[in-house]
Amino acid sequence: MTKKIISIIAVAAFAVSAFAAHHGGKKALEIEFPPPFLIGTPVQVNLPHLEDPGTPRPTIMVPEGVSNLASGKEVTSSDDFPIIGGLDYVTDGDKESEEGYFVELAPGTQWIQIDLENSATIYGVAIWHFHTQKRAYHDVIVQISDDDSFESGVTTVFNNDHDNSSGFGQGTDKAYLETNEGKLVDAKESKGRYVRIYGAGNTSNEMNHFVEVEVFGKAN
Amino acid sequence: MTLNPKTLFRILYIVAGIGVVWFGISLRIQNSEARILHSDEAVQAYQLWELMETGHYQYDPEDKHGPTLYYLSKILNNAVGISGDDLSDRTNLRLLPILASALLLLLILVGNGKFDLTFLIAAALFAISPFPVIYGAYYVQEALFVLISFVLLYAGAWYWRFPEVPQAILCGLLTAALFATKETAIIHIAAIGLAILAMNESGFRLSEIKKRLPRTPVAACFGSFVLGWIFFYSSGFTNFSQLTDSVLAFVNYAERSQGAGHDKPLFYYLSIFWPRTAEGIQWGEAPILVFAFLGLVLLAMTSGKRSDRARLVVYYGAIAFALYSIIPYKTPWLMLASYVSLTVAAGYVLKTLIVDQSNSWIRIVAIGVVLFTLGDQYQSTQLAERYAADTRNPYLYQHTTGQFAKLVERIEDLEALDPDTQLSIAVGGEDNAWPLPWHLRNNETVGYWADTNSIPALDLVIGPAGSLPLSLKETHTPEYHGLRENVLLECWIRKELWEAFMQTR
């Protein structure tokens with residue numbers, strides 16, 4: 001009996017150590033969400049090419065020391081003078097979507113870019129657009145690069161531009177509805193100093209909104 | 001040569017008046033360019049296009065309105081060389097309301113028959129404020145309707161002073177034109193009548209009313225009204241079958257006034273102009289609301305012939321505002337006539353501060369207030385242009401989202417793949433996804449299915465999100481497009497067509 005117990009403990013210990021070795025001592029990335037706050041009448045949306053609203057977030061395993069590198073970092077944009085909000089809102093840590101928490105960029109394809117100040121290995125990018133109304137943002141494209149002009153060494157980690165209307169190639173990722181949980185994108189340990197996120201309006205209006213972006217990584 | 005102050009003022013008034021009208025027209029054209037068609041505009045546009053292309057017009061007592069908008073648009077378009085094909089240009093289409101709005105501006109400027117600063121300020125406010133800019137370039141009946149209603153108001157006041165046959169005939173014809181433009185004429189006739197009676201101390205006395213309604217002018221008014229009615233509703237004495245429908249329409253409109261899905265609370269109209277923030281955008285017209293309220297009180301409390309015309313206009317708008325507020329059915333454009341009165345009431349207060357004060361400091365401050373108010377209104381108009389079709393724009397109602405243009409563009413791109421063959425398109429849903437039928441008017445292979453379950457799998461299948469058969473998934477690729485607030489459309493594109501399209505990207 002004692003031998004049996006020792007054997008079970010040994011097998012379990014082996015399995016745990018093997019799992020830990022496989023993930024390099026990693027743990028699942030955890031994100032803090034703002035409370036849900038929906039205004040207006042919720043819209044029933046049943047679209048085959050939309051991500052099912054109940055789809056679980058991807059589990060991204062990250063090593064010790066990974067943190068939100070975007071926090072407080074400088075944000076630039078294709079729209080230098082947003083009419084509502086400021087670009088600094090994107091990295092200020094406030095994820096609520098009410099007035100005073102989001103920046104509104106001009107219509108059409110626009111981008112924001114975060115300078116992480118150092119090249120880093122990036123595990124995940126979490127994006128919150130305006131989320132107090134049920135809506136989907138068009139042509140969400142997430143790119144990482146060491147080139148601040150994004151002309152070379154660009155890795156695209158997410159692209160749901162299904163008709164290539166923004167001109168970065170046809171994306172295969174699904175459109176999704178905004179919620180307080182935002183969108184967590186698996187960055188697959190891409191390396192770069194700059195993170196750029198595109199958008200081209202949303203299903204409610206032609207504007208582009210960003211509430212918050214978090215970039216989870218570790219400086220190289 | 002030196003000009004005396006009176007002459008100088010008149011010259012400045014004329015120059016400023018021309019500037020006001022010119023600026024008002026350019027703001028309306030700018031807003032028109034920026035704003036996609038509302039579904040109601042598209043329905044009216046379709047009627048006009050059919051009339052221009054085929055010469056055919058049929059009055060519909062169930063829904064549409066009277067014939068004047070379409071016939072006058074056709075006459076104007078023919079005069080300036082706009083064809084049916086040219087109506088795809090938004091400003092071409094909206095030319096008649098823009099012209100009516102410009103004439104309304106002129107009427108405000110000259111309506112008093114003298115050079116009156118009240119009306120110059122009112123015209124300036126009406127020219128640059130967001131609400132009249134939008135609805136002065138909106139292809140519905142309202143701008144034309146309000147223009148006719150103000151001419152009728154002035155004609156009615158004229159008749160009250162001189163109850164004779166020519167004035168009576170004019171009133172009868174204008175009343176017929178008002179009814180033939182929109183059935184809500186009945187509310188405005190009541191408001192005009194009450195405003196004229198309220199202008200006179202003994203106006204509500206039965207004996208006074210009888211005195212103003214001698215038999216011959218009343219008969220002349222009624223006769224000209226009936227003749228005008230028959231002329232307009234029979235399409236110039238050519239189609240008399242519409243006359244019965246034109247009377248039956250009032251039954252439908254009486255039912256509709258109860259709400260018909262557009263019922264709003266009592267203070268809805270006030271809330272449009274009341275200051276508010278919508279998703280970070282500051283809206284509202286607090287200064288003009290305050291001045292208009294003060295103007296109404298001031299005009300009601302004082303008397304004097306110099307302010308009679310301002311009083312008449314303000315009473316008319318205030319009564320129309322009250323009547324529309326108590327009717328459950330509400331849409332913002334119904335406020336256009338009341339907005340004229342709002343500007344006149346505000347103009348009256350501002351003029352009083354400038355002209356009737358002997359203290360020059362008060363005058364200087366008052367001029368500053370006028371400039372500030374004009375600047376504030378202009379800024380709101382710029383905002384309304386930036387958010388020309390945005391759900392946050394408080395002046396709009398169930399407006400088509402700018403995103404809808406992408407669906408139209410998609411259809412055009414797909415049709416361009418094979419210009420010799422028209423795409424077969426099935427549109428599902430009870431409201432036919434208006435304004436889509438307007439954009440598809442030249443396609444002869446479009447069908448509309450109210451029951452989305454029986455919709456055929458044509459090249460394109462379009463309908464409300466979630467309502468189309470999922471079997472389309474086998475043969476088609478789906479997209480989604482916004483139509484208006486809380487309404488999404490699915491657009492299923494035949495897979496081969498989609499693949500051919502993607503080859504071009």
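## Two helices in chain B

How are H8(B) and H17(B) oriented to each other: parallel, antiparallel, perpendicular or oblique? In this predicted model, helix H8 (residues 142-161) of chain B packs with helix H17 (residues 336-355) of chain B at an angle of about 55°. That value falls outside the ranges for roughly parallel (under 35 degrees), roughly perpendicular (65 to 115) and roughly antiparallel (over 145), so H8(B) and H17(B) are oblique to each other. Their axes sit 9 Å apart.

Now for who does the touching. On the H8(B) side you'll find B:Glu142, B:Ala143, B:Val146, B:Ser149 and B:Phe150. H17(B) brings B:Leu336, B:Ala337 and B:Val340. Sort the residues of this contact by type and you get six nonpolar, one polar and one charged.

## Where chain B meets chain A

Next, the meeting of the two chains. Here 21 residues of chain B are in contact with 21 residues of chain A. Strand S6 (476-484) and strand S7 (487-494) of chain B each supply at least two residues of the side that touches chain A. S6(B) gives the most, with three residues.

What's the mix on that side of chain B? Its residues divide into nine polar, six nonpolar and six charged.

## How confident is the predictor?

Chain B averages a pLDDT of 93, and 99% of its residues score at least 70. Among the elements of chain B, helix H7 (residues 130-135) has the highest mean pLDDT, at 98. Helix H13 (residues 242-256) of chain B has the lowest, at 78.

For the complex, the predictor gives an ipTM of 0.70 and a pTM of 0.87.

Conventions:
Residues are numbered from 1 along each chain as its sequence is written. Chains are lettered from A and ligands numbered from 1 in the order in which they are written. This is a predicted model: local features need pLDDT of at least 70, side-chain atom pairs count only at pLDDT 80 or more; totals for chains, interfaces and linings use all residues. pLDDT is the predictor's confidence in each residue, from 0 to 100. Helices (H or I, at least four residues) and strands (E, at least two) are DSSP runs, numbered from the N terminus. Axes are lines fitted to C-alpha atoms, for helices over the stretch in contact, and angles run from 0 to 180 degrees between N-to-C directions. Two residues are in contact if their C-beta atoms, placed from the backbone, lie within 7 Å. Ala, Val, Leu, Ile, Met, Phe, Trp, Tyr, Cys and Pro count as nonpolar, Asp, Glu, Lys and Arg as charged, and the others, Gly among them, as polar.
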